[in-house]
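Dear colleague,

Here is the structure we spoke of handing over, with the sequence alongside. My notes on what was found in it follow below.

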Amino acid sequence: MVEEIGTNTEGDLIINVGPQHPATHGVLHLVLTLSGETIKKVEPHLGYIHRSIEKMCESLSYRQFIYVTSRMDYLSSHINNHACALTVEKAMQIEVPQRAQYIRVIMDELTRIASHELWWGAMAMDLGAFTPFFHAFRERETITDIMEKTCGARLTMNYMVPGGVMVDLHPDFQKDVKSFIQLYKSKFEEYNELVTGNIIFQNRMKGIGILSKEDAISYGCSGPVARASGVHCDIRKLYPYEIYSQLEFDEILDTAGDSFARYMVRLKEMQQSIRIVEQLIDNIPEGEFQAKTKAVLKLPKGEFYQRVETARGELGVYIVSEGGTTPYRIKFRSPGFSNLSALEHMVKGLKIGDLVAAMGTLDLVIPDIDR
Amino acid sequence: MFSLEGITNTVHEWLNNHFSPTLALLTEFVLVGVAAIALFALLGLGLVWMERKVAAVMQIRLGPNRVGPKGIFQTTADTLKLIMKEGLTPDGADKFLFNLAPYIVMIVAMLILAPIAFAKNFQIWDINIGVLYLSAVSSLSVIGVLMAGWASNNKYSLLGAMRSGAQIVSYELSAGLSVISIVVMTGSLSINDIILSQQNGWWIFKGHIPAFISFVIFIIAVTAETNRAPFDLAEAESELTAGFHTEYSGMKFALFFLAEYINIFIVCAIGATLFFGGWMPLHIGHWEGFNHVMDYIPSSIWFFGKTIGLIFLIMWFRWTFPRLRIDQLLNLEWKYLLPISMFNLILMTIVAIMGWHF
Amino acid sequence: MFIKDYIKDVYGAVKSLLTGMRMTGYYFTHHKEIITEQYPDNRATLHLAERFRGEVVMSHDENNEHACTGCSACEIACPNGTIKIINKFDITPEGKKKKAIDTFVYHLELCTMCNLCVQACPTDAIKMAQNFEHSVYDRSKLTKKLNKDGSKLREGIE
């Protein structure tokens, strides 16, 4: 800790990146050991936004604790809520109506697009290009408008409840989603023109921050980060929940494992999400949007685990129940934490600029790491 | 016809008629100084506003629109705010150098202004080695930047300053070489002669492909020299927070900020002078009528129009491209720009010797 | 061929840069694409979704009657202790004691707009309103009383 100021005994420069730094997207604190511009060591310090969500959940009932999880990975709040609702349903063996399942999956995929959209803009901003950020927000805003119409909120929706969804879809929902898909498809080429094809961007990304398949597995990476290294880890394919097993979509895999591969995996995932939404949007079955449940939910005694694929990777919810109305113990396995741990391995021996680029491709959401 | 030349002549005559020659000369010095500072302030405010508007429209937003019509007084309000802010000097800083650095950067920017011809016969100092003077003086600004970075006693600043040093020193080479390729054509280092040699057409048209290549290299090199994105590594916001001016605040920060825009103006003015004929109107071969119409537009408007066009080009770069990495930046210079500009210089020399240009 | 590759490299690089510049250039020349909403100026035309969750309100009809029986279901459902219901006992004309709400206290500063209270309400007495401009200079102003003065329970709601 003494080393945080000035230089260490070998004459290397010690630099604190964060907790207030434009590159860390929140309150992540990295202690870099630099030799000139070359990175020798990266040490993440966490705890600046710890709200003890897991402890809070222990005093909330099974209906109430879901809303808190929106505040973990706030960019995929729907999917977080979904994971919690699924765990409770699994424990209580609640049959979720078909319509609710369809709505949940559509919402999940829209959230995934919105999240990747923001990541795309923010990552380009890390690399010094400011314009993509605003272009990404144009499309993202359409999704949040759709969310606002149906769920009533733009970011922390709390739309999933045990047994289904809170309210039925807004009458305009299908029309809005279709017009969004159209807008998205017309604008997608711009993403490639502005960023992907750019020679400066490609030089910054290709061959930088390489994470091999073995390392990705041993660091416990998941989501696009691991898939870019060739790890077959899409929960939607491996352990399908809801109606994912009936849907046609590809798990995007890349073998390069560098920053560019992670970038391309996310970009292609957005298109797969569009594909899923297109399959579902015209076929939402009629019926109940919520299963009949008791007013007070009581989980049977035991341990329950459910995992879902968020925009960042695998989110696991682990509930220990003593049979009461509140969980005895709750643990979230969040994707950002393990992805962050691979950062040092990726950027050792590279330049500061590469650190920022590699961190951008990890798509870190600090409240998700720190809960 | 309106011309700046008339105004300067009138002032000069009036002063000489009423005062002794020495006093008249001194008064002229003061007037030029005041005019230069006023121009600086205006340019700084105008260019910052322009940058913000250009950025806004490219980013599908409106930009400043609250203070004054279309927000034109926004930058004035910002300057007022900056003046009123406390100019903080960090504890561990080398106080003398820390406070000196912004002024060095600013004074260098002012010095380069001297040989630039703003309009027909409207030049502060018509020196016969104008181009040499420009490249010599413009390389001094790196001293101010290094001084600021070192004296701040901040690791971010130090890294930014070191980056800036490496960057400016290397990019000066190709900027210089592309300037020389025009000097080869004109055979003179004097700014005035270079402009006059473009009477019947600008060098970018007359010089065939070599002139175009050297223009492209010139624009890239000066973008790097002025620390603008995509070469803004010295202040790379997402990497070094604000680079060499991280610790500066208030008016001292504003001086750095202003100097950046003044430098852009100056390099674009040089580019306009060398490749687009400075204040020389657009003349096409023997179209007498067309040439005559063009002559009616005042020369100062030609000069500022061309300069602002080039400034827009540089702003366009900034709001489109991501930033390079430091080693890629130096690769680009030493592996691409320098060989190309050397090759281009040879080509230009052949064109000049054989007389292939128009 | 070294020279050929070199030239190809340079050509490809310049082309990719020009593609990007063409796109930003397109937006520079097409001002119709601007999507900025000038928020405080467009208050009059600002349209919020009807389900937008801005704050909890209690709806009163023209007779100053509401539907809240004071059952405290919302108070239990709230994860943050946002709602506090204070009950009183009215004497009906027949001389019986009847439970009714005295004050429906709503702490806006604690509310996360999760909608659980509205879901829990058996009589649809409370709902979400679209007002989102909540900033005040005094925190105590955020503690609100939702039932209006002199209001009473609507007939026929148990």
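**Chain B as a whole**

Chain B holds 15 helices and two strands, and please keep in mind throughout that this is a predicted model. Along its principal axes, the C-alpha atoms of chain B fill a box of roughly 65 × 60 × 45 Å. A compact globule of 358 residues would have a radius of gyration near 21 Å, and because chain B has 21 Å, its value agrees with that expectation. Of the 358 residues in this chain, 44% count as buried. If one takes the contacts in chain B between residues at least 6 apart in sequence, 77% of them join residues at least 24 apart.

**Where chain B touches chain A**

The contact between these two chains draws 24 residues from chain B and 27 residues from chain A. On the chain B side, helix H7 (155-186), helix H11 (237-240) and helix H15 (326-354) each supply at least two of the residues that touch chain A. By character, that side of chain B consists of eleven nonpolar, five polar and eight charged residues.

**The two domains of chain A**

The domain assignment splits chain A into domain 1 (1-48) and domain 2 (50-370), and the C-alpha centres of these two domains lie 29 Å apart. Their contact involves twelve residues from domain 1 of chain A and 19 residues from domain 2 of chain A. The domain 1 side of that contact is made up of seven nonpolar residues, four polar ones and one charged.

**The sheet E1-E2-E3 of chain A**

Chain A has an open sheet of three strands in the order E1-E2-E3, with antiparallel pairing. Its edge strands are E1 and E3 of chain A, each of which pairs on one side only, and neighbouring strands in the sheet are turned against each other by 20° on average when direction is ignored.

Taking the pairings in turn, strand E1 (residues 13-17) of chain A is joined to strand E2 (residues 29-35) of chain A by five bridges, and the two run antiparallel. Within this pair, Leu13(A) stands opposite Leu34(A), while Asn16(A) stands opposite Val31(A). E2(A) in turn pairs with strand E3 (residues 38-45) of chain A, again in the antiparallel sense, over seven bridges. Here Val31(A) stands opposite Glu43(A) in E3(A), so that Val31(A) has a partner in E1(A) as well as one in E3(A). The hairpin of E2(A) and E3(A) has two residues between the strands, and in it Gly36(A) takes a positive phi near 70°.

**Strands E7 and E8 of chain A**

Further along chain A, strand E7 (residues 314-321) is joined by five bridges to E8(A), and these strands run antiparallel; in this pair Tyr318(A) stands opposite Lys331(A). In a regular strand the side chains alternate between the two faces of the sheet. Strand E8 (residues 329-333) of chain A shows such an alternation, with Ile330(A) and Phe332(A) pointing to one face, where they are buried, and Arg329(A), Lys331(A) and Arg333(A) pointing to the other, where they are not.

**Two asparagines with positive phi**

Most residues other than glycine have a negative phi. Asn158(A) is a residue other than glycine whose phi is nevertheless positive, near 50°, and its place is the loop between helix H5 (131-151) and strand E4 (160-161) of chain A. Asn158(A) counts as buried because 25 other C-beta atoms lie within 10 Å, where the cut-off for burial is 20 or more.

In chain C, Asn64(C) likewise has a positive phi, near 60°, and lies in the loop between strand E1 (55-58) and strand E2 (65-66) of chain C. With 13 other C-beta atoms within 10 Å, Asn64(C) is partly exposed.

**The domains of chain C**

Finally, chain C is divided into domain 1 (2-35) and domain 2 (55-151), and the centres of these domains, taken over C-alpha atoms, are separated by 59 Å.

With best regards

Notes
Residues numbered from 1 in each chain as written. Chains lettered and ligands numbered in written order. Predicted model: local features only at pLDDT ≥ 70, side-chain atom pairs only at ≥ 80, totals over all residues. Contact = placed C-beta atoms within 7 Å. Helix = DSSP H or I, 4+ residues; strand = E, 2+ residues; numbered from the N terminus. Nonpolar A, V, L, I, M, F, W, Y, C, P; charged D, E, K, R; others polar. Pairing = 2+ DSSP bridges. Axes fitted to C-alpha atoms, helices over the stretch in contact; angles between N-to-C directions. Domains from an automatic or database assignment. Rg over C-alpha atoms; globule rule 2.2 N^0.38 Å. Buried ≥ 20, exposed ≤ 12 C-beta atoms within 10 Å, placed from the backbone.
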